[in-house]
Amino acid sequence: MASILNPLTFPLNQHALIEASAGTGKTWTIAALYVRAIVEKNCNPQEILVLTFTNAATAELKNRIRLRLIEAALAFEGKETDDFLNSLIQQH
């Protein structure tokens, strides 16, 4: 049975395999976990491994993570944000 992964509460001290159908939010979730690792664990990007299976998926994931980090930086500066980043800011 599938379970719903909450990127705000998912433990960051373990490996995770995110497998789901197209359009289910995998990339969004991976980017959210990446931002949490940077914020909560003070990880350096070189310490985080994100793996996907095609060059196109790699390029999209790389771009989406980069954009999410920019959005997070702006949110922590008090700029407009979304529910996930608002919750992350409230936790920190």
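Trainee: Leaving aside its neighbours within four places in sequence, which residues is tyrosine 34 in contact with?

Mentor: Bear in mind as we go that this is a predicted model. Contact here asks for heavy atoms within 4.5 Å, and the neighbours within four places in sequence are left aside. What remains for tyrosine 34 is the set Pro45, Ile48, Val50, Ile65 and Leu69.

Trainee: Is tyrosine 34 buried or exposed?

Mentor: Tyrosine 34 is found in helix 1, and its relative accessibility is 10%. A residue is called buried when the value is under 20%, so tyrosine 34, at 10%, counts as buried.

Trainee: By what distance are the C-alpha atoms of tyrosine 34 and proline 7 separated, and what is that value in Å?

Mentor: Along the chain, tyrosine 34 and proline 7 are 27 residues apart. In space, the separation of their C-alpha atoms is 9.5 Å.

Trainee: Turning to another residue of that helix, with which residues is threonine 29 in contact, leaving aside its neighbours within four places in sequence?

Mentor: Threonine 29 lies in helix 1, and with a relative accessible area of 12% it is buried. Once the neighbours within four places in sequence are left aside, the contacts of threonine 29 are Leu5, Pro7 and Ile18.

Trainee: What distance separates the end C-alpha atoms of helix 1?

Mentor: Helix 1 has 16 residues, which at 1.5 Å a residue should span 22 Å. The value in the model agrees with that expectation, because the end C-alpha atoms of helix 1 are apart by 21 Å.

Trainee: Which helices are included in what covers the buried residues of helix 1?

Mentor: The buried residues of helix 1 include Thr27, Ile30, Leu33, Val35 and Ala37. Among what covers the buried residues of this helix are helix 2 and helix 3.

Trainee: Just after helix 1, which residue takes a positive phi?

Mentor: The residue lies in the loop between helix 1 and helix 2, and it is exposed, with a relative accessible area of 66%. Its phi is near 50 degrees, a positive value in a residue other than glycine. The residue that takes this phi just after helix 1 is asparagine 42.

Trainee: Within what arc do the buried residues of helix 2 fall, seen down its axis?

Mentor: In helix 2, the buried residues are Leu61, Ile65, Arg68, Ala72 and Ala75. They line one face of the helix, because, seen down its axis, they fall within an arc of 85 degrees.

Trainee: Which residues are exposed on the other side of helix 2?

Mentor: The buried residues of helix 2 are covered by elements that include helix 1 and helix 3. A residue is called exposed when its relative accessible area is over 50%, and on the other side of helix 2 the exposed residues are Asn55, Ala56 and Lys62.

Trainee: Which helix gives the most to the lining of the largest pocket?

Mentor: The largest pocket has a volume of about 990 Å³. Of the 33 residues that line this pocket, the closest to its centre are Ala16, Ile30, Leu49, Val50 and Leu51. The elements that give two or more residues to its lining are helix 1 and helix 2. With eight residues, the element that gives the most is helix 1.

Trainee: How many residues of the lining of the largest pocket are nonpolar?

Mentor: The lining of the largest pocket divides into three classes, with six residues charged and seven polar. The nonpolar residues of this lining number 20.

Methods:
Residues numbered from 1 in each chain as written. Predicted model: local features only at pLDDT ≥ 70, side-chain atom pairs only at ≥ 80, totals over all residues. Heavy atoms only, no water. 1 Å grid on protein atoms, 1.4 Å probe; cavity = no way out; pocket = protein on both sides within 12 Å on 5 of 7 lines; lining within 4 Å. Points joined across faces, edges and corners; volume = space filled by probe spheres on them. Nonpolar A, V, L, I, M, F, W, Y, C, P; charged D, E, K, R; others polar. Buried < 20%, exposed > 50% of the residue type's maximum accessible area, 1.4 Å probe, protein only. Arc of directions from axis to C-beta. Expected span 1.5 Å × (residues − 1).
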